[in-house]
Amino acid sequence: MASNGENGRHQEVGHKSLLQSDALYQFILETSVYPREPEAMKELREITAKHPWNLMTTSADEGQFLNMLLKLINAKNTMEIGVFTGYSLLATAMALPDDGKILAMDINRDNYEIGLPVIEKAGLAHKIEFREGPALPVLDQMIEDGKYHGTYDFIFVDADKDNYLNYHKRLINLVKVGGLIGYDNTLWNGSVVAPPDTPLRKYVRYYRDFVLELNKALAADSRIEICQLPVGDGITLCRRIS
Ligand code: SAM
Ligand code: CA
């Protein structure tokens with residue numbers, strides 16, 4: 001697990017880096033991330049830092065990574081499962097062309113509405129279709145409908161970890177061949193390597209087995225190529241190949 005020094009500014013929003021050195025993580029943020037962070041993202045990050053559940057937000061370095069990745073793959077049609085106040089959503093909206101689209105789903109609209117004024121002010125709200133409610137029935141509907149098969153360039157999954165494999169079963173049909181699914185938090189606070197008797201926070205322990213199962217299933221799935229990166233809390237990129 002990462003050390004938990006007192007001097008890291010990222011601690012303000014409760015973020016723990018997976019890096020062994022908080023100083024090194026702080027170096028990344030201060031040298032390469034914060035100086036290049038767009039004003040809207042900074043504003044949303046600071047608003048979110050005051051939220052009692054701020055631990056859930058995407059970190060600034062991961063936001064920068066997602067933004068770059070989406071530009072590299074020329075993403076236009078994307079989906080996000082798990083929006084919270086919208087930091088990763090904003091990073092995505094900023095990367096897409098003006099006619100780009102994001103289907104964004106969350107069971108909680110109130111948190112989305114905290115970030116929405118920032119997204120609107122940045123002139124990006126027209127790219128977003130927000131759906132309030134559990135994502136799984138929406139995906140089932142899309143699969144049944146048929147016209148959404150193979151239509152997504154990028155899908156970011158950052159919601160209920162006990163459903164990731166259920167999402168994967170559906171998303172593999174909705175993403176384009178050559179497109180990407182990004183599963184977030186696949187290193188789950190470093191707990192994936194914690195010995196069984198390690199004291200863990202209750203929610204970390206609860207979801208740990210699901211995250212371990214997901215990691216195994218993705219590694220064994222011949223329909224995708226994968227790349228797991230220690231950015232944020234770990235993100236596994238899956239490129240659909242068949
Ligand atoms: N990507 C977000 C960001 O950048 O701030 C963080 C998402 S947060 C870690 C997880 C979100 O998933 C929460 O806002 C929660 O309400 C949402 N969620 C939980 N279960 C869900 C479900 N079944 N369907 C859709 N969203 C869900
Ligand atoms: Ca996350």
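Here's a quick tour of the ligand site and the β-sheet in this structure. Keep in mind that this is a predicted model. The protein wraps ligand 1 with 18 surrounding residues, and seven of its strands make up an open sheet with mixed pairing. Aspartate 106 turns up in both stories: Asp106 is among the closest residues to ligand 1, and aspartate 106 also has a bridge partner in strand 3.

**Around ligand 1**

- Of the 18 residues that surround ligand 1, the closest are Thr58, Gly82, Ser88, Asp106 and Asp158.
- Sorted by class, that shell holds nine nonpolar, five polar and four charged residues.
- Aspartate 158 puts a side-chain N or O atom 2.8 Å from a nitrogen atom of ligand 1.
- Tyrosine 167 also offers a polar side-chain atom, 3.4 Å from a nitrogen atom of the ligand.
- With phenylalanine 84 it's the backbone that takes part: one of its polar backbone atoms sits 3.4 Å from an oxygen atom of ligand 1.
- On its own, ligand 1 would expose 610 Å², and the protein buries 89% of that.

**The sheet as a whole**

- Reading across the sheet, the seven strands come in the order 3-2-1-4-5-7-6.
- Strand 3 (128–132) and strand 6 (224–229) are the edge strands, each pairing on one side only.
- From one strand to the next, the twist averages 15°.

**The strand 2 and strand 3 side**

- Strand 2 (residues 101–106) pairs with strand 3 in the parallel sense, over five bridges.
- One of the residue pairs here is aspartate 106 with glutamate 132, its bridge partner in strand 3.
- To get from strand 2 to strand 3, the chain goes through helix 5 (residues 109–121), making a right-handed β-α-β crossover.

**The strand 5, 7 and 6 side**

- Strand 5 (residues 175–184) and strand 7 (residues 235–240) run antiparallel and are joined by five bridges.
- Aspartate 184 stands opposite isoleucine 235 in strand 7.
- Strand 7 also pairs with strand 6, again in the antiparallel sense, this time over six bridges.
- Across that pairing, cysteine 227 has leucine 237 of strand 7 as its bridge partner.
- Strand 6 and strand 7 form a hairpin with five residues between the strands, and glycine 232 in this hairpin takes a positive phi near 60°.

Note on methods
Residues numbered from 1 in each chain as written. Chains lettered and ligands numbered in written order. Predicted model: local features only at pLDDT ≥ 70, side-chain atom pairs only at ≥ 80, totals over all residues. Heavy atoms only, no water. Near = heavy atom within 4 Å. Polar contact = N/O pair within 3.5 Å; in protein donor to acceptor, adjacent residues only side chain to side chain. Areas by Shrake-Rupley, 256 points an atom, 1.4 Å probe, with all protein chains shown as cover. Nonpolar A, V, L, I, M, F, W, Y, C, P; charged D, E, K, R; others polar. Pairing = 2+ DSSP bridges. Helix = DSSP H or I, 4+ residues; strand = E, 2+ residues; numbered from the N terminus. Axes fitted to C-alpha atoms, helices over the stretch in contact; angles between N-to-C directions. Right-handed = clockwise from strand over helix to strand, strands pointing away.
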